[in-house]
Amino acid sequence: MTKPIPPSLVASMAFVSGFCIMVVEMLGARILSPYFGGSLYVWGSIITIFMLSLATGYLYGGKLSAKNPSARSYATFFFLSAIFILPIILLANSIMEPIFVAIEDERYGSLLATIMLFFIPITLMGMISPYSVRLLVVNTEQSGQVAGSLYFVSTLGSALGTLGTSFYFVLWLEIDQILWAVFFALALAGFLILAISGIQSREDG
Amino acid sequence: MAKLNSLRLSLLWVICIFVSELHAEIIHEERSLYRDITVRQENNVRCMLFNIHRFERNQSCVNIRDQQTLHFTYSKMSLAGLMLVPNPSRMLVVGGGGGSIPMALSDLFPNARIDVVEIDEAVTRVAEDFFYFEETDNMKMHVEDGRLFVKRAGFRGEQYDYILLDAFFGDYMPEHMLTREFLTEVKGLMHENSVLVANTFSRSQFYHHESVTYQEVFGEFYNFKLPGPSNRIIIAMIRPLLGEEALKERAEFLAEEVRKYGVPIMDYPQYLSREIDWDTSRRSLTDQYSPGNLLRDN
């Protein structure tokens, strides 16, 4: 590893990504509903695409972690995730309207819209989990324990993100305001990783 | 003596409830994508209930000996808009339920074209099998989300004279059909003389937010509430509203025709209030901000 990262930082980052994924997922149904309705199909599309995106992210995140894992690439996942939140805020209506017009069946319409809006950012956020494991694993005996603790914090983040969004955030804020908060949380996470790992490596060096 | 009488009365009441419970019979149960549907019959009154295990109230009822009479006060109230469009030729009902209101409208105006939109196919099946709902050449049932139907109708440039929004009862409100954007899409289906009738709630925080939202889209509207616990019906138009005297004249004209549905339309004009009795500083509901169900519980 070029730059060491403190375990507590990696754990916090796993928490943040788990939290943000579920905030976006819970908002997904609200974002789609003006064009694709409130039927069960919309939730079906969202859960399917989120699962597929995360699966893809796990696969590629794991692959990328195999060679030269670094704080810089780790931070890049957060920056890219943040950047790909922006089209959801800025372009959602212009992406959904042509799909609504072109596809009569709201099952396939909502499926396509979910892919267009969420596949890339959620895949990127999915890459964070296996990469986090790699950053913390020192030897094979500990690998299961490290993975377990990281799943624990990131899933805890997901649970809180779900609860917070559905019980409170939508009552206090507009959808786009919540998404801006996610954007800033992810970007801030990226900067924190760079800053803290930079300090650490200077101290070590 | 009065005390004793009221005691007797309440005892009688308890016995009545007890006996009628004995007579209540479940005649059909069906599971749909969205809910459990139960059809229960008590004496001659047959009702459709959703999610019975959570003590849901009746969604739709019909008296099988007198199918024409509308069972609920709010169903009767939703014909009040006829005072403003005496002879509608195109009508839209969002939220089919048991179909008693569209049936009454179709019966009243056999030549009018009526679109009924219901999201749950199982509900439409139960309406046909147990609640005497029948499609006609002029009345079509569409199994679709109301918002999508309205949006597509808008793209096609359709116009309706009478629009009834009745998708808001039950334990969960469809939040995408409470927003300023949705109401603007509905308004797009209206012309100068159309009327929109919406069956909504009259209690909780939600009342204020909903009123502010309707006011933003339509300006002044009739806030129709009867004394005692009831739903409130919003009646909105694009052109200016009529005064009470004008409404009374229209009611008189309609009274005979709507009597067979049990609608006491002569009583209505005095309750079509134009007064603002809500907190106008509340946020309006938009596609960006629509926590209707959370607001209703607060």
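1. Where in chain B does Tyr132(B) lie? In this predicted model, Tyr132(B) sits in the loop that runs between helix 4 (121–130) and strand 7 (139–143) of chain B. The phi angle of Tyr132(B) is near 65°, a positive value in a residue other than glycine. Tyr132(B) has 16 C-beta neighbours inside 10 Å and therefore counts as partly exposed.

2. A second non-glycine residue with positive phi is found in chain A: for Asn68(A) the angle is near 45°. Asn68(A) belongs to the loop between helix 2 and helix 3 (71–83) of chain A. Is Asn68(A) buried or exposed? With 10 C-beta neighbours inside 10 Å, Asn68(A) counts as exposed.

3. On chain B as a whole: the chain contains nine helices and 12 strands. Of the 298 residues in chain B, 44% are buried. When contacts in chain B between residues at least 6 apart in sequence are taken, 70% of them join residues at least 24 apart.

4. The largest nonpolar core has 79 residues. Ala80(B), Val93(B), Ile163(B) and Ile235(B) are the residues with the most contacts inside this core. Leaving aside residues up to four places away in sequence, Val93(B) touches Ile101(B), Pro102(B), Ile114(B), Val116(B), Val117(B), Leu164(B) and Asp166(B). Apart from the core that includes Val93(B) lies another, of 61 residues, with Ala113(A), Leu135(A), Ile178(A) and Val182(A) among them.

5. Two of the residues that Val93(B) touches, Ile101(B) and Pro102(B), are also buried residues of helix 3 of chain B. Helix 3 (residues 100–108) of chain B is mostly covered, with seven of its nine residues buried. The buried residues are Ser100(B), Ile101(B), Pro102(B), Met103(B), Ala104(B), Leu105(B) and Ser106(B).

6. In chain A, how do helix 2 and helix 5 cross? The axes of helix 2 (residues 40–65) of chain A and helix 5 (residues 106–136) of chain A come within 5 Å, and the crossing angle is roughly 30°. The two helices of chain A are therefore roughly parallel to each other. The crossing of helix 2 of chain A with helix 5 of chain A is right-handed. By class, the residues in the contact between helix 2 and helix 5 of chain A are 20 nonpolar, 12 polar and three charged.

7. Leu59(A) is placed in helix 2 of chain A. Leu59(A) counts as partly exposed because 14 C-beta neighbours lie inside 10 Å. From Leu59(A) to Met127(A) the separation is 68 residues in sequence, while their C-alpha atoms are 7.5 Å apart in space.

8. Helix 1 (residues 7–36) of chain A also meets helix 2 of chain A: their axes come within 10 Å and cross at roughly 135°. Helix 1 and helix 2 of chain A are therefore oblique to each other, and helix 1 of chain A passes helix 2 of chain A in a right-handed crossing. From helix 1 of chain A the contact takes Glu25(A), Gly28(A), Ala29(A), Leu32(A), Ser33(A) and Phe36(A). These meet Val42(A), Trp43(A), Ile46(A) and Phe50(A) of helix 2 of chain A. Sorted by class, this contact has seven nonpolar, two polar and one charged residues.

9. Helix 1 of chain A packs on helix 5 of chain A too, at an angle of about 175° and with the axes 10 Å apart. That makes helix 1 and helix 5 of chain A roughly antiparallel. Their contact has 17 nonpolar, seven polar and one charged residues.

10. Phe100(A) is found in helix 4 (residues 86–102) of chain A. Phe100(A) is buried, because 22 other C-beta atoms lie within 10 Å. Not counting residues up to four places away in sequence, Phe100(A) touches Tyr35(A) and Gly109(A). Phe100(A) and Ser110(A) are 10 residues apart along the chain, and their C-alpha atoms are separated by 8.4 Å.

11. A last point concerns the contact between the chains. Which chain supplies 14 residues to the contact? Chain B does, with 12 residues coming from chain A. On the side of chain B that touches chain A, eight residues are nonpolar, two are polar and four are charged.

Notes:
Residues numbered from 1 in each chain as written. Chains lettered and ligands numbered in written order. Predicted model: local features only at pLDDT ≥ 70, side-chain atom pairs only at ≥ 80, totals over all residues. Contact = placed C-beta atoms within 7 Å. Nonpolar A, V, L, I, M, F, W, Y, C, P; charged D, E, K, R; others polar. Axes fitted to C-alpha atoms, helices over the stretch in contact; angles between N-to-C directions. Helix = DSSP H or I, 4+ residues; strand = E, 2+ residues; numbered from the N terminus. Parallel < 35°, antiparallel > 145°, perpendicular 65-115°, else oblique. Left-handed = near helix turned anticlockwise from the far one by under 90°. Buried ≥ 20, exposed ≤ 12 C-beta atoms within 10 Å, placed from the backbone. Core = buried A, V, L, I, M, F, W, Y, C linked by C-beta atoms within 7 Å.
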